[in-house]
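Please load the model in your viewer and keep a selection panel ready, since this tour moves from one selection to the next.

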Amino acid sequence: MDQVKVLNTWISPFGMRVLIGLEEKGVKYEYQEEVLSNKSELLLQMNPVHKKIPVLIHNGRPVCESLIILQYIDEAWGSMQFLPSKPYDRALARFWADFTDKKFYDAGARIIKSKGEAQEQAKRDLLESFQLLEGTFEEMLAGGSLAFFGGKDFGFLDIAFIPFASWFHTYESGRNFKIPLESEYPLLDAWVKKCMERDSVKKALPSPDKVLEYAMQMRKRILGD
Ligand code: GS8
């Protein structure tokens with residue numbers, strides 16, 4: 001019998017990926033919520049390199065880094081696959097998932113943690129990331145009408161990116177900033193709505209209001225405003 005445990009913090013888009021992945025594969029797991037200002041011994045022992053959540057512990061052995069965990073889940077369980085079958089499509093899905101970490105997440109985090117011109121730059125960077133993702137979605141559609149990044153099935157890149165939707169409201173809030181999803185990024189807008197219909201996503205994503213409340217406290221701690 002498999003023993004699966006997840007170390008996570010509810011607010012983390014990286015952790016949400018792991019929860020969605022396990023739910024999609026129907027894997028039962030034990031959940032441990034971490035307080036990042038007071039990490040558990042288990043977290044420090046299981047992820048001694050980065051000391052970060054999420055961590056997946058499978059039969060006592062840790063797997064770290066959310067995109068690596070997601071690929072592990074894909075290989076370890078179930079017959080339906082998150083990653084596409086063709087090598088080039090797999091490479092593309094991995095490339096854009098990596099982009100969401102390096103560019104998209106980074107711009108969002110800077111919006112929350114900065115002020116003034118640095119924040120204005122972060123807003124522009126985030127919209128550029130939206131534009132790039134909209135463009136790649138359009139290319140993947142290639143005139144067809146795909147529901148998800150990987151095609152008709154919900155897959156790797158969908159799972160990698162959809163957690164950030166719970167943060168969109170927080171990126172916008174109180175900073176005179178609107179993400180023009182409906183008017184400028186209609187494909188992404190429809191994609192978000194489609195993903196939100198899935199049970200795995202509904203279960204893993206916290207409400208945008210809860211995320212905002214948390215982010216406001218975090219900003220207060222960092223910037224004192
Ligand atoms: C990022 C995880 C991460 O940043 C991944 O799993 O994909 N590349 C990694 N985790 C944060 C919480 S979410 O912002 C974390 O655990 N931070 C604790 C710390 O930095 O001490």
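Select the ligand: the space that it takes is the largest pocket, where a pocket is an open set of points on a 1 Å grid over the protein atoms alone, accessible to a 1.4 Å probe, with protein on both sides within 12 Å along at least five of seven lines, and a molecule sits in it if more than half of its atoms lie within 2 Å of its grid points. This is a predicted model, in which local features need pLDDT of at least 70 and side-chain atom pairs pLDDT 80 or more, whereas totals for chains, interfaces and linings use all residues. Residues are numbered from 1 along each chain as its sequence is written, and side-chain values use heavy atoms, without hydrogens and water.

Next, show the residues around the ligand (a heavy atom within 4 Å), which are S12, F14, L36, K39, K52, I53, P54, E65, S66 and Y105. This shell divides into 5 nonpolar, 2 polar and 3 charged residues.

Then turn to the polar contacts, pairs of N or O atoms within 3.5 Å. In the side chain of S66, an N or O atom is 2.6 Å from an oxygen atom of the ligand, while a polar side-chain atom of E65 lies 2.7 Å from a ligand nitrogen atom. At I53 a backbone N or O atom lies 2.9 Å from a ligand oxygen atom. Of the 530 Å² of accessible area that the ligand has on its own, the protein covers 75% (Shrake-Rupley method, 1.4 Å probe).

Finally, select C195, which counts as buried because its relative accessibility is 0%, under the 20% cut-off (1.4 Å probe, protein chains only).

Notes. A polar contact is a pair of N or O atoms within 3.5 Å; within protein, one must be able to donate a hydrogen and the other to accept it, and residues adjacent in sequence count only if both atoms are side-chain atoms. On a 1 Å grid over the protein atoms alone, a cavity is a set of points where a 1.4 Å probe fits but cannot get out, and a pocket is an open set with protein on both sides within 12 Å along at least five of seven lines; lining residues have an atom within 4 Å of a point. Ala, Val, Leu, Ile, Met, Phe, Trp, Tyr, Cys and Pro count as nonpolar, Asp, Glu, Lys and Arg as charged, and the others, Gly among them, as polar. Buried means under 20% relative accessible area, exposed over 50%, partly exposed in between (1.4 Å probe, protein chains only).
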